[in-house]
Amino acid sequence: MSGLPLGQSRFRVRVLPARAAYITDIGDRRGVLRAIWEASTRWAGFSEPIIPVSEDGHVDDWWLQVAKLSDVNGLVNVNLDREVASKVACSLGLPWVGLDQIDSAGRTQFSTHPVYVRPTGELATEAAVLARAGGSLWEKVAAGELSPEQEREYTRVPGVSLRRATSGYEVAEAQVAGRCWLDVAASQFGEAAMRGNPWSVPLIVWVAEPDNIEDCLYFWNLRALRSLSIARTPILVVPADRVAAWTRLGNLLAGYLARPEVIEPDVVIRSVSVPLDELENIGQSLGLVMSRAQPERGFQIPPPPPKSPPFTFRHDIDVRQYLTSERRYGKTAWDLVQLYPDSTVISFDSPVQFTGPGHHLVRLASTAFEGIPRRPVTARLIHTEVGTEATWSRNDIDGDELELSQRAADQYQITLRIPSLDKVTTALLAAQTVDATLSDKGQLATRMGELGTADVLLQEYVIDVIDLLRTRRSRNLVRELQKRRSEGHPDEDLYKLAAEWGGRLQRRNLPLSQVKGIGDGATAAIEALCSRSWAERGMRIDCDRCKLKSFVALRRTRSQPQCPACEATGQAYKGPDGPELYYRLNSLVDRAADQGVIPHLYGVAQLAKRNPQTFMLPGIQLTLNNGDEVEVDFYGIHGGRVAVGEAKTKPEGFTEEQIERDVALSVRLTADMYLLVCPGRVPKGTEHVAKELAENAGLRLLIIDEREADRQRPEHPGGLRWSVDTSPGADPSVQISLGTPPY
């Protein structure tokens with residue numbers, strides 16, 4: 001630990017396995033079997049979906065939705081051509097690796113074998129059930145599958161007990177009891193947060209033709225989306241040709257259905273290939289009664305008494321509606337930490353109990369990360385340990401998380417570096433440019449920011465007073481500029497000349513009576529500037545000897561006025577009826593106003609008022625990675641977003657051509673937000689053009705103008721949020737594209 005402490009912050013830590021989605025040829029049975037086999041050897045492998053892909057790379061909308069909802073870390077290509085795999089990965093926005101790399105490359109490698117995760121429930125003492133040797137496909141998707149060599153190897157691991165089923169009914173019974181081999185992979189795994197559907201769910205009985213790939217694949221993926229901890233979702237698969245003869249299964253299910261929950265129907269029976277009349281017969285053979293009531297799901301406190309027979313079923317309900325909740329996985333621990341800028345250590349006991357070697361992911365959330373854009377470069381800035389590269393895990397439910405890979409252990413110590421927003425901005429710029437330096441305007445604005453806070457510019461009439469008092473260029477300067485332009489001097493020379501002449505001119509000073517002419521608040525505005533030393537009070541002497549007009553700072557006035565230029569005495573302080581108070585700007589403020597820097601400072605002050613998590617460079621000269629040299633008025637961070645923008649003294653300066661250039665540059669700099677800043681009022685037409693161009697470029701538009709006071713609102717989230725709404729009457733649904741139901 002080094003540096004001064006930054007204060008305390010509570011860290012939420014989630015431990016979970018990395019998880020994959022398997023992409024395979026839509027009709028390849030061997031590919032499906034290979035994916036099941038692989039998933040059976042991974043912690044939480046039961047929750048890794050298998051996505052069927054057509055020969056041309058097309059994926060059904062529902063399977064795309066499954067892949068997104070399952071919150072996987074990457075794709076594993078089972079048997080597709082590389083080009084097809086890349087196309088699918090691009091459509092899902094996920095990285096991919098080959099099946100032979102699942103445990104050695106990419107994010108999917110960070111998983112622990114199920115035998116090294118301590119089992120819970122009955123599995124702590126009972127043997128886990130595998131599909132029968134040579135059993136049908138439905139048994140393999142229900143219970144899991146291992147090779148004979150793996151089966152022999154794992155039975156030698158201390159604390160692991162598994163056996164092959166002796167009948168199909170035993171596989172069905174093991175599903176209800178949670179004693180399948182795939183239930184071992186579910187140990188100490190579940191949702192940490194969920195949004196939508198936090199209600200009771202009917203028991204889902206999926207009926208499959210024993211070796212029908214479509215049936216079995218559909219069940220596998222539905223189960224991958226089931227809730228394990230927040231809204232537990234019971235689901236099992238049974239064979240169409242045998243289930244009606246399993247008379248004991250109905251009694252077994254009845255024991256489960258006697259639950260204290262508000263739900264109707266109790267059971268939903270579905271299939272891809274089995275006709276509805278057969279599903280009705282199966283429901284009746286299980287001792288269930290066809291329901292005619294309106295489907296219902298609810299939440300009641302205190303819970304109702306346990307339900308009693310007869311239990312109801314339906315076979316005409318799309319079961320996907322029960323499984324489309326957004327969710328985040330992981331077992332959670334907490335640590336209250338003292339933050340340091342260079343080295344902050346997070347220490348916690350693992351919330352997951354491991355019994356052997358392995359890897360997994362750790363996700364960290366804290367207000368310490370507030371305001372930091374979620375970019376790869378910022379993740380690496382926070383965590384730099386070799387071999388555990390950090391990344392951001394997007395989380396719309398309860399806040400984005402910093403994701404790290406770790407070896408399985410009982411205790412952890414993770415060292416982080418909490419960077420300031422100026423260091424984050426520097427790192428972001430370094431990733432996008434070859435060189436970045438403050439422009440002339442940027443240097444002026446930065447120096448003014450160092451001398452005093454620019455929030456004085458937010459006070460009414462302050463900018464108007466500054467504009468009134470700023471020193472105007474002389475006619476001689478204009479003539480000299482015109483002359484040099486006609487002689488072909490470059491713009492660089494003209495800018496230098498303007499800066500030199502601007503420094504020679506006597507700063508403008510005006511009497512209070514003229515300042516008051518702006519409006520009723522002008523007096524308060526000029527006094528506010530004086531309180532920040534941005535302006536000063538004084539008297540004026542119009543010398544009758546040297547004919548010069550001189551401003552005399554109030555602290556240097558005398559009882560006997562004396563011309564500061566020629567030192568002549570007997571002069572008088574100027575005023576219509578006696579001495580009058582005069583004002584002039586600080587020389588730095590005067591130069592900044594002359595150079596058009598005030599809008600930059602105004603923009604920074606307004607952004608900081610909107611959201612304290614703001615750091616903005618007000619004018620920088622950039623050399624991009626392709627060698628192009630550009631200048632931007634704003635680059636920085638605002639509320640966790642990278643912002644690029646332009647400032648103008650007058651709104652007329654925002655032409656469509658200028659906005660197009662700025663938006664294109666914002667995209668090149670990978671900004672999230674385009675800023676348009678002006679102390680005046682931006683016209684509706686300009687706002688419309690900027691909004692359309694920004695939206696087309698995928699940017700958020702933020703206009704800062706004189707209307708800002710009317711629309712001021714805080715943007716920062718103010719801490720971590722839990723988004724599962726379980727209040728009575730809350731909408732349990734989530735908007736989602738399901739595609740065309742295949743059954």
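Five strands form an open sheet in the order β10-β9-β12-β15-β13, with parallel pairing. The edges of this sheet are β10 (235-239) and β13 (289-290), each of which pairs on one side only. The model described here is predicted. Within the sheet, strand β12 (residues 267-270) is joined to strand β15 (residues 312-314) by 2 bridges in the parallel sense. Val267 has Phe313 of β15 as its bridge partner.

**Strand β21 and its partners**

Antiparallel pairing is found around strand β21 (residues 401-407). Of the 7 residues in this strand, 6 are buried, so β21 is largely enclosed by the rest of the structure. Two strands that pair with β21 are set out below.

| Strand | Sense of pairing with β21 | Bridges |
|---|---|---|
| β19 (residues 359-365) | antiparallel | 6 bridges |
| β20 (residues 391-393) | antiparallel | 3 bridges |

On the β19 side, Val362 is bridged to Leu404 of β21. Elsewhere in β21, Glu403 stands opposite Thr391.

Strand β19 also contains His360. This histidine counts as buried because its relative accessibility is 0%, where the limit is under 20%. The side chains of His360 and Tyr412 are joined by a polar contact of 2.6 Å. Leaving out residues up to four places away in sequence, the contacts of His360 include Leu404, Ser405, Gln406 and Arg407, and also Val15, Leu16, Pro17, Trp43, Phe110 and Phe354.

**Nonpolar cores**

In soluble globular proteins, nonpolar side chains tend to be buried together. The largest nonpolar core in this model has 155 residues, and the members that touch the most others are Leu402 and Leu416. Helix α8 (residues 213-224) supplies the largest share of this core, with 7 residues. Another core, of 43 residues, lies apart from it and has Leu457, Val589, Tyr602 and Phe634 among its members.

Leu416 and Leu402 are in contact with each other. Neighbours within four places in sequence aside, Leu416 also contacts Phe11, Ile346, Leu364, Phe369 and Ile382, among others. Its contacts further include Asp342, Ser343, Thr344 and His383.

**Helix α20**

Which residues of α20 are buried? They are Ile598, Pro599, His600, Leu601, Tyr602, Gly603, Ala605, Gln606, Leu607 and Arg610. The helix is therefore mostly covered, with 10 of its 13 residues buried under the 20% limit. One of these, Tyr602, also belongs to the core of 43 residues. As for its length, α20 (residues 598-610) should span 18 Å at 1.5 Å a residue, and its end C-alpha atoms are 18 Å apart, which agrees.

**Cysteines**

The structure holds 0 disulfides. For Cys546, the nearest cysteine sulfur is that of Cys543, at 3.6 Å, and Cys546 is in no disulfide. Why is the sulfur of Cys566 not bonded to that of Cys543? The two sulfurs are 3.6 Å apart, which is too far for a bond, because a disulfide needs sulfur atoms within 2.5 Å. Cys543 thus provides the closest cysteine sulfur both for Cys546 and for Cys566. Cys546 is partly exposed, with a relative accessible area of 27%, and Cys566 is also partly exposed, at 35%.

How values were computed: Residues numbered from 1 in each chain as written. Predicted model: local features only at pLDDT ≥ 70, side-chain atom pairs only at ≥ 80, totals over all residues. Heavy atoms only, no water. Helix = DSSP H or I, 4+ residues; strand = E, 2+ residues; numbered from the N terminus. Expected span 1.5 Å × (residues − 1). Buried < 20%, exposed > 50% of the residue type's maximum accessible area, 1.4 Å probe, protein only. Pairing = 2+ DSSP bridges. Core = buried A, V, L, I, M, F, W, Y, C linked by side-chain atoms within 4.5 Å. Contact = heavy atoms within 4.5 Å. Polar contact = N/O pair within 3.5 Å; in protein donor to acceptor, adjacent residues only side chain to side chain.
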